[in-house]
Amino acid sequence: MAKSKGLPIEVQAASALILIQIAHKFAAEIPGAIAMVGTASSFKVYALYVMAAAYVLALVLGLAHIRWGFIIGIVLGAEIIIQPLVFHVIMGIPKDPPYYILFPILQGILVIYFCILAYRALGHEKRGKTKT
């Protein structure tokens, strides 16, 4: 079987999910945090910028065929799962509708799943194995 010159489909899927999470950070979470605390120079807002930078790092490393990008993606996927549990269940910040927290949890599960697949695909690629 001839080796493809493009990115493996697992890497493409994981990269797409990471890109969606980057867009979500900048389009929803950072403006929401600024509205919540009233200023852009708050620790909470800076923490979201750090998280967005970690997503960008994961994306760049993954697209460069560096497996650490997907390890970072797995950790960030766990953060996506934990975040709504902390804010809405433990801290009691209301969310309308209440079942909304299921969506970020599902997103986190998908990010973890596809990052694991991409990590494995890059491992097979590195060892010179091809999938059949």
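**Reading the largest pocket and the helices around it**

Me: What is the volume of the largest pocket, and how should I read such a figure?

Reply: Rolling a probe the size of a water molecule over the atoms shows where empty space is left. In this predicted model, the largest pocket has a volume of about 830 Å³. A pocket is an open set of points on a 1 Å grid over the protein atoms alone, where a 1.4 Å probe fits and protein lies on both sides within 12 Å along at least five of seven lines, and lining residues have an atom within 4 Å of a point. The points are joined across faces, edges and corners, and the volume is the space filled by probe spheres set on them.

Me: Before going on, what should I know about the numbering and the cut-offs behind the values?

Reply: Residues are numbered from 1 along each chain as its sequence is written, and side-chain values use heavy atoms, with hydrogens and water left out. As the model is a predicted one, local features need pLDDT of at least 70 and side-chain atom pairs count only at pLDDT 80 or more, while totals for chains, interfaces and linings use all residues.

Me: Which residues lie nearest the centre of the largest pocket, and how many line it?

Reply: The lining of the largest pocket is made up of 29 residues, and those nearest its centre are Glu29, Met36, Leu48, Gln83 and Phe87. The elements that give two or more residues to this lining are α1 (9-37), α2 (43-63), α3 (68-90) and α4 (102-127). Helix α1 gives the most, with nine residues.

Me: How many helices and strands does the chain have, and in which order do they come?

Reply: Helices (H or I, at least four residues) and strands (E, at least two) are DSSP runs, numbered from the N terminus. The chain has four helices and zero strands, which read along the sequence as α-α-α-α. Its C-alpha trace spans about 55 × 30 × 20 Å along the principal axes. Of the contacts (heavy atoms within 4.5 Å) between residues at least 6 apart in sequence, 68% join residues at least 24 apart.

Me: Is lysine 25 buried or exposed, and what does it touch?

Reply: Buried means under 20% relative accessible area, exposed over 50%, and partly exposed in between (1.4 Å probe, protein chains only). Lysine 25, a residue of helix α1, counts as buried because its relative accessibility is 1%. Setting aside residues up to four places away in sequence, lysine 25 touches Ile30, Pro31, Leu48, Met51, Ala52, Tyr55, Glu79 and Gln83. Seen from the other side, alanine 52 in helix α2 is also buried, with a relative accessible area of 1%, and under that same exclusion it touches Lys25 and Phe26. The C-alpha atoms of alanine 52 and isoleucine 22 are separated by 5.9 Å, although these residues are 30 apart along the chain. Over the 132 residues of the chain, 33% are buried.

Me: Why does isoleucine 74 count as partly exposed?

Reply: Isoleucine 74, in helix α3, is placed in that class because its relative accessibility is 26%. Apart from residues up to four places away in sequence, isoleucine 74 touches Ile112, Cys115 and Ile116. Isoleucine 71, also found in helix α3, is partly exposed with a relative accessible area of 26%, and its C-alpha lies 11 Å from that of leucine 59, 12 residues away in sequence.

Me: What is the sign of phi in histidine 65, and where does this residue lie?

Reply: Most residues other than glycine have a negative phi, and most peptide bonds are trans. Histidine 65, by contrast, has a positive phi near 65°. It lies in the loop between α2 and α3 and is partly exposed, at a relative accessible area of 33%. In the loop between α3 and α4 sits proline 98, which is exposed at 62%.

Me: How far apart are the mean positions of the positive and negative charges?

Reply: Lys and Arg count as positive and Asp and Glu as negative, without His or the chain ends, and each charge is placed at NZ of Lys, CZ of Arg, CG of Asp or CD of Glu. For the 11 positive and 5 negative charges of this chain, the mean positions are 12 Å apart.
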